[in-house]
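Biologist: Hey, can you walk me through this one? I'm new to reading models.

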Amino acid sequence: MILRTVLIIILVVLAFPILWLTLAKLVRKLYPFPAPAFIGRFLDSGYRRWLQPPAQVIQRSGIKEGMTVLELGCGPGTFTTFVARAVGPSGKVYALDIQGDMLKQLERKLAKPENRDIKNVELINSSAYELPFEDKALDMVFMVTVLPEIPDQDRALQQVNRVLKPGGFLAVTELFPDPDYPWKSTTIRVGAKAGFVVDEVSGNFFNYTVRFRKP
Ligand SMILES: C[S@@+](CC[C@H](N)C(=O)[O-])C[C@H]1O[C@@H](n2cnc3c(N)ncnc32)[C@H](O)[C@@H]1O
């Protein structure tokens, strides 16, 4: 009896992620749209930071002082202030998003007294398909739960490739409850197809980072 109950619990625990992934992917395939701005409150919440600690994501991505970083799909700025502090005054962060309403949330966040010391962030309202940078201008492109949300990932990654310096990094981080969550192997395949080389894979099934290098 106990064994049967344990088996049923294990089956339910295993079945939930598979069911969620299948259903969510189906719905997102039928109706592709960027994450609505009203979820900004959840994205930039204490719970989210507990699930996906910014310091850990930054360390896994390899963000260092002095870097010029493009945060592509920055949303409400969950990670932006942390990235800005990690690159320091000698570095620069371009926070780019396709939705003006997400950038407004980030603007409000940056205006808060505790963030007024941050002077190295520039907000850009643009699409991943048209990155407004010169060729080979950036040290890193940083994307957290964004890449699988972009319908034409190849096109976006060609742009990323163009704007990165040779030897520059593309850091892609994904989180499991995200309805667009891709398997690690999918992220690696998409990056490799765009000409990137895997530099490091870190994290676990639920929260992972793949850091690619531009050869
Ligand atoms: C799930 S949210 C993640 C936001 C933030 N990176 C985070 O982890 O909290 C995805 C973000 O990517 C943006 N996005 C989606 N497609 C985009 C595109 N083609 N170009 C630029 N940004 C895009 C959305 O507007 C949204 O703010």
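Modeller: Sure, one term to begin: helices (H or I, at least four residues) and strands (E, at least two) are DSSP runs, numbered from the N terminus. This is a predicted model, where local features need pLDDT of at least 70 and side-chain atom pairs pLDDT 80 or more, while totals for chains, interfaces and linings use all residues. Residues count from 1 along each chain as its sequence is written, and side-chain values use heavy atoms, without hydrogens or water.

Biologist: OK, so which helix gives the largest share of the lining of the second largest pocket?

Modeller: Helix 8, with five residues. A pocket here is an open set of points on a 1 Å grid over the protein atoms alone where a 1.4 Å probe fits, with protein on both sides within 12 Å along at least five of seven lines; lining residues have an atom within 4 Å of a point.

Biologist: And how many residues line the second largest pocket?

Modeller: It has 20 lining residues, and Lys 25, Lys 29, Pro 148, Gln 153 and Asp 180 lie nearest its centre. Helix 1 (2–30), helix 7 (153–163) and helix 8 (184–193) are the elements that each give two or more residues to that lining.

Biologist: Switching topic: which residues are closest to the centre of the largest pocket?

Modeller: Pro 34, Ala 35, Thr 145, Val 146 and Glu 149, out of 38 that line the largest pocket. Helix 2 (40–43), strand 1 (68–72) and strand 2 (92–97) each supply at least two residues of its lining.

Biologist: Where does the ligand sit?

Modeller: In the largest pocket, meaning more than half of the ligand's atoms lie within 2 Å of the pocket's grid points.

Biologist: What surrounds the ligand?

Modeller: There are 22 residues around the ligand (a heavy atom within 4 Å), and the closest are Arg 48, Gly 73, Thr 78, Asp 97 and Gln 99.

Biologist: How far is the side chain of Arg 48 from an oxygen atom of the ligand?

Modeller: An N or O atom of the Arg 48 side chain is 2.8 Å from that ligand oxygen.

Biologist: Which backbone atoms come up to a nitrogen of the ligand?

Modeller: A polar backbone atom of Ala 128 is 2.9 Å from a ligand nitrogen, and for Ile 98, a backbone N or O atom is 3.3 Å from a ligand nitrogen.

Definitions and conventions:
A polar contact is a pair of N or O atoms within 3.5 Å; within protein, one must be able to donate a hydrogen and the other to accept it, and residues adjacent in sequence count only if both atoms are side-chain atoms.
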